[in-house]
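Work through the exercises below with the model open. Try each task before you read its solution.

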Amino acid sequence: MVNLKTFGLLDSISDQFLHFESQGYRLGRVVSEHKGLYKVITELGEVIGNLPGSFLNKVSESSDYPAVGDWVLCTIREYEMRATIHKVFERFSKISRNAAGKANQEQVIATNINTVFITVSLNSDFNLRRIERYLTATYDSGSNPVIVLTKCDLVSEEELIKRIAEVRDIAFGTSIYCVSVLTGKGVEEIEKYCGEGQTVALLGSSGAGKSTLCNYLTGIELQITQDIRNDDKGRHTTTHRQLINLPSGGNLIDTPGMRELQVWDTNNSVTNSFTDIKELASTCYFNNCTHINEPGCSVLGAVEENLLNQDRLDNYFKVENEIKHLERKNDKIKQSQFKKSQKKEARYRKKIKGKFI
């Protein structure tokens with residue numbers, strides 16, 4: 001029997017499952033998904049799961065579908081080790097992004113994560129603006145962000161100190177670790193986040209060293225690593241999300257590299273990612289200051305005095321505008337759905353009324 005505690009099973013999930021256990025259901029965690037089929041780890045071992053029509057009929061959003069990391073309720077056909085997934089239990093955290101394309105749609109990357117390793121290479125692909133976006137997504141997820149600066153053996157000590165200072169300036173209160181799997185530097189420090197029952201997700205662009213780090217933490221070469229291109233930008237080596245149980249008893253979710261992470265914000269993640277700008281904004285002369293050309297603007301004053309980087313302010317504007325655009329789209333979609341439901345209800349009432357005339 002598989003001990004699901006090592007796969008991150010919480011007491012809150014166990015308590016919810018008690019209601020269903022006597023009815024012959026099984027509990028499992030989604031470890032990977034591919035074209036509508038799910039690999040699910042259960043007490044009986046790994047099974048292949050699918051969704052019945054009754055589940056599909058209840059789905060209203062793409063985010064309602066099972067994602068890697070989800071705890072699910074299923075029935076298992078033991079003779080073929082296949083399962084039917086009936087329910088997704090409540091998530092305590094989830095990493096999402098706005099799906100690629102024109103459609104305004106939430107894409108859930110992974111769920112039920114304790115810690116996110118924001119993995120950033122110290123080569124020439126190092127990008128502070130990208131780190132800010134990853135921080136925004138992580139704060140929105142409800143997970144704990146940890147910044148892992150990889151390939152520290154490729155830069156001088158002077159360059160390393162400079163990079164750490166730059167990251168610390170934009171990631172207030174976030175733990176930062178410099179790691180080299182090649183030399184072993186810093187790897188023991190990040191292993192403490194991978195204790196029994198803990199779930200860690202790797203987030204970063206291609207070439208950031210996620211696959212190499214994954215191979216180290218698992219102790220076997222699960223992910224094929226590739227050399228970076230001549231421009232220091234990585235090739236995609238992880239093609240899909242998967243949850244891997246570690247020798248430490250923890251769990252690791254590796255994700256495909258994402259150079260562009262369109263935010264999906266529903267809370268105050270921008271405030272958490274740009275606390276310095278928000279604090280400055282609170283002292284502006286005008287309460288509704290846009291920080292563009294108003295007199296008495298503390299934010300613009302900080303830029304003029306070189307206390308705030310203009311690129312950071314520009315990225316703040318960009319992320320905030322994306323979120324406002326997303327909110328407007330959401331409102332339009334909700335309005336459209338409401339109008340459709342009203343029309344449907346009106347047709348139904350007309351039909352019923354006709355039967356009694």
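The exercises cover the whole chain, its cysteines and two loop residues.

This is a predicted model: local features need pLDDT of at least 70, side-chain atom pairs count only at pLDDT 80 or more, and totals for chains, interfaces and linings use all residues. Residues are numbered from 1 along each chain as its sequence is written, and side-chain values use heavy atoms, with hydrogens and water left out.

**Exercise 1.** Find how many helices and strands the chain has.

Solution. Start with the terms: helices (H or I, at least four residues) and strands (E, at least two) are DSSP runs, numbered from the N terminus. The chain has 10 helices and 13 strands. Next, take burial: of the 357 residues, 47% count as buried (under 20% relative accessible area, with a 1.4 Å probe and protein chains only).

**Exercise 2.** Work out why cysteine 289 and cysteine 297 form no bond.

Solution. First, recall the chemistry: a disulfide is a covalent bond between the sulfur atoms of two cysteines. The cut-off for such a pair is within 2.5 Å. Now check the distance. The sulfur of cysteine 289 is 3.7 Å from the closest cysteine sulfur, in cysteine 297, so the two are too far apart for a bond. Last, count: the structure holds 0 disulfides. Cysteine 289 is also buried, at 11% relative accessibility.

**Exercise 3.** Locate asparagine 112 and lysine 151 in their loops.

Solution. Asparagine 112 sits between strand E7 (106–111) and strand E8 (115–121). Its phi is positive, about 50°, although asparagine 112 is not a glycine. Asparagine 112 is buried, at 3% relative accessibility. Lysine 151 lies between strand E9 (144–150) and helix H4 (157–170). Lysine 151 is not a glycine, yet has a positive phi of about 60°.

Note on methods:
Buried means under 20% relative accessible area, exposed over 50%, partly exposed in between (1.4 Å probe, protein chains only).
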